[in-house]
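Colleague: Could you walk me through how the contacts here get their names? I'd like to hear the reasoning behind each one.

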2 protein chains.
Amino acid sequence: MQKRVTLTDVARAVGVNPSTVSRALNEETVNQVSQSTVRRVRKVAKGLGYTPNTVARGLRTNRTMTLGVILPDLTNPIFPPMVRGIDSYLAPRGYSSLVVNTDGSDATERTLFQSLMERQVDGLIVATGHSNHQLMHDAHERGVHAVMVNRDANGVPFPTVIGDDSQGVFASVAHLHELGHKRLVHLAGPAGFSTSRIRREAFEAACNSFGLQGRVVDTVAYSIEAGQAAMDSILDGQATAQFTAVVAGNDLLALGTYHSLRMHGLRCPDDVSVVGFNDMLFANDFQPPLTTVRSPHFEMGVESARLLLNEIAGTQPGGARVILPVSLIVRGSTGAVRAS
Amino acid sequence: MQKRVTLTDVARAVGVNPSTVSRALNEETVNQVSQSTVRRVRKVAKGLGYTPNTVARGLRTNRTMTLGVILPDLTNPIFPPMVRGIDSYLAPRGYSSLVVNTDGSDATERTLFQSLMERQVDGLIVATGHSNHQLMHDAHERGVHAVMVNRDANGVPFPTVIGDDSQGVFASVAHLHELGHKRLVHLAGPAGFSTSRIRREAFEAACNSFGLQGRVVDTVAYSIEAGQAAMDSILDGQATAQFTAVVAGNDLLALGTYHSLRMHGLRCPDDVSVVGFNDMLFANDFQPPLTTVRSPHFEMGVESARLLLNEIAGTQPGGARVILPVSLIVRGSTGAVRAS
DNA sequence: CAAGGCGACGCAATCGATTGCGGTAAGAAG
DNA sequence: CTTCTTACCGCAATCGATTGCGTCGCCTTG
């Protein structure tokens, strides 16, 4: 690289002390410098193509204007919108984010956490569904700023952003109830994820409140394969389907359900209605288009970034808990139950 | 945050000079320190929970161990795998990456480029399909290290990683030819993208070489909507389809084609065969499962990261050009042409 | 026994910016 | 005309680590 233009270079060119240049270029301190020098400095700085060295500044101020984002896997389609939401809030405020993937491993999460700390990030956004409680508590002890997103913060002393999953599941069940469905199946997400528990409990509560028969089947992962496997096990186990609708723990499980139904010669929604959760990318492009609950992932990103910056600024109450509304998107995968 | 443990703290605890601690903890210089001291230092450092301050190190060494990744939009499903590929190569080598989105705007690309420079990134991976030639040339002038990925580097003086698009399109056309198709349509990507041009030219060449009738229709974007619109315009314009197969510029355009066909009461592959490009996420989950060319996005990420690190190390020939092989994935969207 | 060599470590400068404190000059107040 | 503000700016320390150079003691060698 060419040798960069430094503050000192500008100072020399203008004929003032570097500290004056620094003050002239900083909004906070510009009033400590006469207007005429400010003008001269600005002019020369632009002329020389001066760009501040964020690293040097970070060393002195102890703020890197960089945040860490910890998530399980970027290729899971719910995360890109979230990351973009985070960035959309951060970028105009001069912050950048370092995104890392844990792949669900506690060990790599620990490593990455450490690595982010070494990089002196100003704060953390943690979106790992089931996270290392111990790690988060240690972080809190050490005074690290963080917010949790998309996971229940039971006992974790950081602000939290989640979608209103209960409401979403309730709306799904209500929708199926209106369509005349009486016997439902819930494909529950894997144990250990707070979303799994919340959605499952909401399903059971909703079935009770509508007087419906609700069966819960566990899956081993939030994936297409796990959804297909779980559905296969149901359909293989009995001659005729003992249910008319499936409430999937998320859209991937719903997709797995599609595959399984197709394999068993069942049609959706004619034989079985399916409703997903998340409204991920392409939910409208599968066949049939998937009825699902829209989680506001972009907004969750925005909100978590906002909370984190407030945390850092010290204007955040602490155990804040932001619950974002969700909405049922009715498409083609749900229909009235057939007269039998 | 708690006050962090610094090198000086460790030095004081051990009873040596900070420089000795620095050398003892650095692989390059550890042989300048006696083994016994190294052991003591390591022990105390671990005991105190010392973590090096990357910012301070970066200021002194002028290397931040951070790279910038510039891409159009992370929510485009081809990018997450690429980013993960980049990270998988970088992380074990102590590098992190800062990912930014241009949304196709030259102005924001320029701003983001500037912002990455201020952050002292050690190099850039540029994955914007149609990129600012001027910007890249300026960057090269200034001695910035960079590699281009997924775009043709015509005249850009940086190493480049691309998939073998021509080969992929050729394989697609060959496949359709074998199935008996004689009249093909190519939904070409928008002008300005090198991939659009390359795939279009490959399509025309392949049709010629197989003696097929190949028609090219332009689209305004690599999107579902643009694909659907282009296809609509074809199908609305003529009573009966004058073609039996569509070679889409990418999978999104292929998806748009699905929608259009469905709207016009045509079935795939019975009436029209469709082949996409990229093998993006869920290509196997659409109905019918999409026959497409698999672009090795993850490997492209890995390879670009590798090239960039070599660039930085100075062991890179300069105008290197890595072309990764692609492969045709035959699924359900292509079938033999019906006897008419 | 003396000179030279070398291993191990300390000293201090350095990276580029920020900031508390002190100083100077101009203007206001007496 | 003197004294006190106030505005503006410079000095120098500082952030935490790296690194060229110098030094000291010990061992080897003649």
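Modeller: Happily! A polar contact is a pair of N or O atoms within 3.5 Å. Bear in mind that this is a predicted model.

Colleague: What makes B:Ser34 a polar contact of DNA strand C?

Modeller: A polar backbone atom of B:Ser34 is 2.7 Å from a phosphate oxygen of DNA strand C. The cut-off is 3.5 Å, so the pair qualifies.

Colleague: Why do A:Arg23 and B:Arg23 count as polar contacts to the bases of DNA strand C?

Modeller: In A:Arg23, a polar side-chain atom lies 3.4 Å from a base oxygen of the strand. For B:Arg23, a side-chain N or O atom is 2.8 Å from a base oxygen. Both values are within 3.5 Å, so both pairs pass. Of the strand's atoms within 4 Å of the protein, though, 66% belong to sugar or phosphate.

Colleague: Why is the pairing of A:Asp73 with B:Arg84 called a salt bridge?

Modeller: Their side chains meet at 2.7 Å, N to O. A salt bridge needs an Arg or Lys side-chain nitrogen within 4 Å of an Asp or Glu carboxyl oxygen, so this pair fits. The count between chain A and chain B is four salt bridges.

Colleague: How do you know how much area chain A and chain B bury between them?

Modeller: Buried area is the accessible area lost on putting two parts together, summed over both. For chain A and chain B that comes to about 4500 Å², with 58% of it on carbon and sulfur atoms. Each chain's share of the contact is 56 residues from chain A and 56 residues from chain B.

Conventions:
Residues are numbered from 1 along each chain as its sequence is written. Chains are lettered from A and ligands numbered from 1 in the order in which they are written. This is a predicted model: local features need pLDDT of at least 70, side-chain atom pairs count only at pLDDT 80 or more; totals for chains, interfaces and linings use all residues. Side-chain values use heavy atoms; hydrogens and water are left out. A residue is near a molecule or strand if one of its heavy atoms lies within 4 Å of it. A polar contact is a pair of N or O atoms within 3.5 Å; within protein, one must be able to donate a hydrogen and the other to accept it, and residues adjacent in sequence count only if both atoms are side-chain atoms. Contact means heavy atoms within 4.5 Å. Buried area is the accessible area (1.4 Å probe) that two parts lose on being put together, summed over both.
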